[in-house]
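Please look over the chain below. A short report on its fold follows.

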Amino acid sequence: MPALGCCVDAAVAPPAYANSPLGSLPAPPPLPLSFISGAPPPTPMSPTSASAGSVAADVDASHWSPSHSASLYKIDSWGAPYFAVNPSGNVSVRPYGHATLAHQEIDLLKIVKKVSDPKSVGGLGLQLPLIVRLPDVLRDRLESLQSAFEFAIQTQGYEARYQGVFPVKCNQDRFVVEDIVKFGSQFRFGLEAGSKPELLLAMSCLCKGSPEALLVCNGFKDAEYITLSLLARKLDLNAVIVLEQEEEVDLVIEISKKLNVRPVIGARAKLRTKHSGHFGSTSGEKGKFGLTTTQILRVVKKLEVAEMLDCFQLLHFHIGSQIPSTALLTDGVGEAAQIYCELVRLGANMQVIDIGGGLGIDYDGSKSADSDLSVAYTLEEYASAVVQAIRYVCDRKNVKHPVLCSESGRAIVSHHSILIFEAVSASVSRAAPVAMSPLGLQYLVEGLTEDARSDYTKMTTAALRGEFETCLFYADQLKQRCIEQFKDGTLGIEQLATVDGLCDFVAMEIGASDPVRTYHVNLSIFTSIPDYWAIGQLFPIVPIHHLDERPGVRGVLSDLTCDSDGKIDKFIGGGTSLPLHEMVGGGCGERGPYYLGMFLGGAYEEALGGVHNLFGGPSVVRVLQSDGPHSFAVTRAMPGPSCGDVLRVMQHEPELMFETLKHRAEEYCGQEHGSNGGDGDTDDYDHGMANNSALASSLAQYFHSMPYLVVPSSCSLTAINNGGGLYYCNGEDYDAVVDSSPNEDEQWSYCYA
């Protein structure tokens, strides 16, 4: 057996290392490079890895296809019907779901390239990370929800309509809310608000919506909130004040009389039905929100005394987000329907039953009721269960069927938004071993204690016998003894490095070393994926290209922040690492940038994200399907917040900060000029002023750049901010572009505001 090529760089060996006489040290026992018995060490993508890697392990690289990647990353499960892998190996978007034609599919990589390329070559010059918004997907989600309820109403003979509302807390972005109001106007689709600023934006947006659209006013309320809700009715908006606390009814009665406004009142009921998953923590009798049956009865009495019982028209409840099954849904809706019918019996002018949120989405594609990441029903099954449960109770009580309302947010906006970010480098937990001569090994053994030398001998003996577990045991024991020697000062750093390399080499040969790499991504998890850090919410994360190639390694994702929590090491499917492709030459090597996408994150993530480490939000683009040469058109694009923008959030004043630094630059440049022996003539003065101006200009530039890393120019990305400018073409311009079947140059013309 050949002796072990020990793992240490000769550059760190001591001077006497290479010149020691061969006979001066005892020859250590040889360690084999390959072992006598046992299976070869597993590769990083072997079936012994997480389950997601088994597909890659079973298929040879030369036979790999995009369909294998779709199966590996479960894209056909969680992504259907909006996301797929195209023949080029890139993730494509199907903006109209099942109705999307082949030529209407949008290549996600083409969007990223068009957005990130410099303006000099026809791009927008925006920096990543990037949020891609797809209003066509948003429209399809809304229409699919409406169609599901209309079909259930029709087939079951239900005698009232469905009209939903979007809870703006899921995504308060102006253009998202405006799109929902626009797309839903024909369906009387409304909005739900839970705070004063949300109510203001909902009122403003609904001025362009259907007059019958509901404006549901939820959340805890003070006199100002209630006054604003009543003013909305004066503006002919269909606002409903939903009571969350019993005392709110007293304020509603008092203020409505002062304003001479007849309110429409609802109440949120605390149901006994409880959702047992993570998202059901606010449900049940001890939930945070709502009124008990006793409190509801007292509200009825107060309204009756005030001669306002006819104002009580809506019953609201919420079982919890991500309702896992229709069985739980039916139970909760049936209980609420009983309360609704009892309120009718008590004389309330009931018109609407608002089932709240809870319509879940399948984050992991498992279609399971036993996971917070999935649901065991379709849109159609959800709507059918709701309609059937309410119709059954109302028919038994001989009560007119109420208008059905739901506050589905996650199910409407999650799919339409994709977060794109790039990996800038990859590292392994252990450096690759470097060969060392037998003489170097002798030098190492000479410096060990007697116990450590014994561990080394036992390690090599176990390796020769193929006793791998025993070999690893003594390798670890040897390492720990050497660490103690180093702490005591009796072992040099070169020898400690040698021992580290030796033990890593043994682990690698046996197959016990950790093959997982760390991919460093240009992102802040706290800012862009806060639910992962806060509640352990998992989202599908996949490479958006190279999917026609077999992924050769496994990796975890580490963000730019200084916190150890800024890492993603849990993925859908239960894996603790993700199959990824090799990064040749780094993130901008010969293969170019390596892009990853996080999907189904359109709800909550943007609203929850803060400015941890002063990283601002991503750049944002709005992309519509187009029949032009690229199959898409960017109708709005907003650069991400600059360093100055995020500093202002934390009460810093970038202008004052710059002035301070500018004065310091003037002082520094003057001292530098004097120390160089300048004689004070005009040329020296001008030279000093020029240096000062250049330094000040450089400092100013940093306030206007994004906080994220700027990748090298070879990646065709340019970091710009343009003072927070907005690139856009308005609706009329976009329609004109589509109607005129533009050539490529016309397709990418943008206005600037």
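## Terms and overview

Helices here are DSSP runs of H or I with at least four residues, and strands are runs of E with at least two, numbered from the N terminus. By that count, lysine 110 lies in helix α4.

The model is predicted. The protein chain holds 25 helices and 23 strands. Of its 753 residues, 52% count as buried. The chain exposes about 32,900 Å². Carbon and sulfur atoms supply 52% of that area. Among contacts with a separation of 6 or more, 77% join residues 24 or more positions apart.

## Helix α4

Helix α4 spans residues 108–116. Its buried residues are Leu108, Ile111, Val112, Lys114, Val115 and Ser116. Aspartate 107 caps the N-terminal end of α4. One of its side-chain oxygens lies 2.9 Å from the backbone nitrogen of leucine 109.

Is lysine 110 buried or exposed? Lysine 110 has a relative accessible area of 47%. Partly exposed covers the range between under 20% and over 50%, so lysine 110 is partly exposed. Serine 631 is 521 residues away from lysine 110 along the chain. The C-alpha atoms of the two are separated by 9.8 Å.

## The three-stranded sheet

An open sheet of 3 strands runs in the order β1-β2-β3. The pairing is antiparallel. β1 (83–85) and β3 (106–107) stand at the edges. Each has a single partner strand, so one side of each is left without a neighbour in the sheet.

Strand β2 (residues 91–93) pairs with β3 over 2 bridges, in the antiparallel sense. Valine 93 has isoleucine 106 in β3 as its bridge partner.

## The eight-stranded sheet

A further open sheet has 8 strands in the order β5-β6-β7-β8-β9-β10-β11-β12, with parallel pairing. Its edge strands are β5 (165–167) and β12 (403–405), each paired on one side only. Direction ignored, neighbouring strands are turned by 25° against each other on average.

Strands β10 (residues 312–316) and β11 (residues 352–354) pair in the parallel sense over 3 bridges. Leucine 314 stands opposite valine 352 in β11. Helix α8 (residues 223–234) lies across β6 (190–193), β7 (214–217) and β8 (238–243). Helix α8 runs at about 150° to β8.

## Glutamate 246

Glutamate 246 lies in the loop between β8 and α9 (248–259). Why does glutamate 246 count as buried? Its relative accessible area is 12%, and buried means under 20%, so glutamate 246 falls in that class.

Which residues are in contact with glutamate 246, leaving aside its neighbours within four places in sequence? They are Leu291, Gln295, Arg298, Val299 and Lys302.

## Nonpolar cores

In soluble globular proteins, nonpolar side chains tend to be buried together. The largest nonpolar core here has 159 residues. Phe312, Ile390, Ile420, Leu557 and Phe599 touch the most other members. Helix α12 (residues 379–397) gives the most to this core, with 10 residues. A second, separate core has 22 residues, including Leu444, Tyr456, Leu478 and Leu502.

Phenylalanine 599 has a list of contacts beyond its neighbours within four places in sequence. Among them are Trp78, Phe83, Val91 and Leu108. Phenylalanine 599 is also in contact with Ile418, Phe539, Pro540, Val542 and Ile544. Of these partners, Leu108 belongs to helix α4, where Leu108 is buried.

Methods. Residues are numbered from 1 along each chain as its sequence is written. This is a predicted model: local features need pLDDT of at least 70, side-chain atom pairs count only at pLDDT 80 or more; totals for chains, interfaces and linings use all residues. Side-chain values use heavy atoms; hydrogens and water are left out. A nonpolar core is a set of buried Ala, Val, Leu, Ile, Met, Phe, Trp, Tyr and Cys residues joined through side-chain atoms within 4.5 Å. Buried means under 20% relative accessible area, exposed over 50%, partly exposed in between (1.4 Å probe, protein chains only). Contact means heavy atoms within 4.5 Å. A polar contact is a pair of N or O atoms within 3.5 Å; within protein, one must be able to donate a hydrogen and the other to accept it, and residues adjacent in sequence count only if both atoms are side-chain atoms. Accessible areas come from the Shrake-Rupley method with a 1.4 Å probe; for residues, only the protein chains shown count as cover. Two strands pair if DSSP finds at least two bridges between them. Axes are lines fitted to C-alpha atoms, for helices over the stretch in contact, and angles run from 0 to 180 degrees between N-to-C directions.
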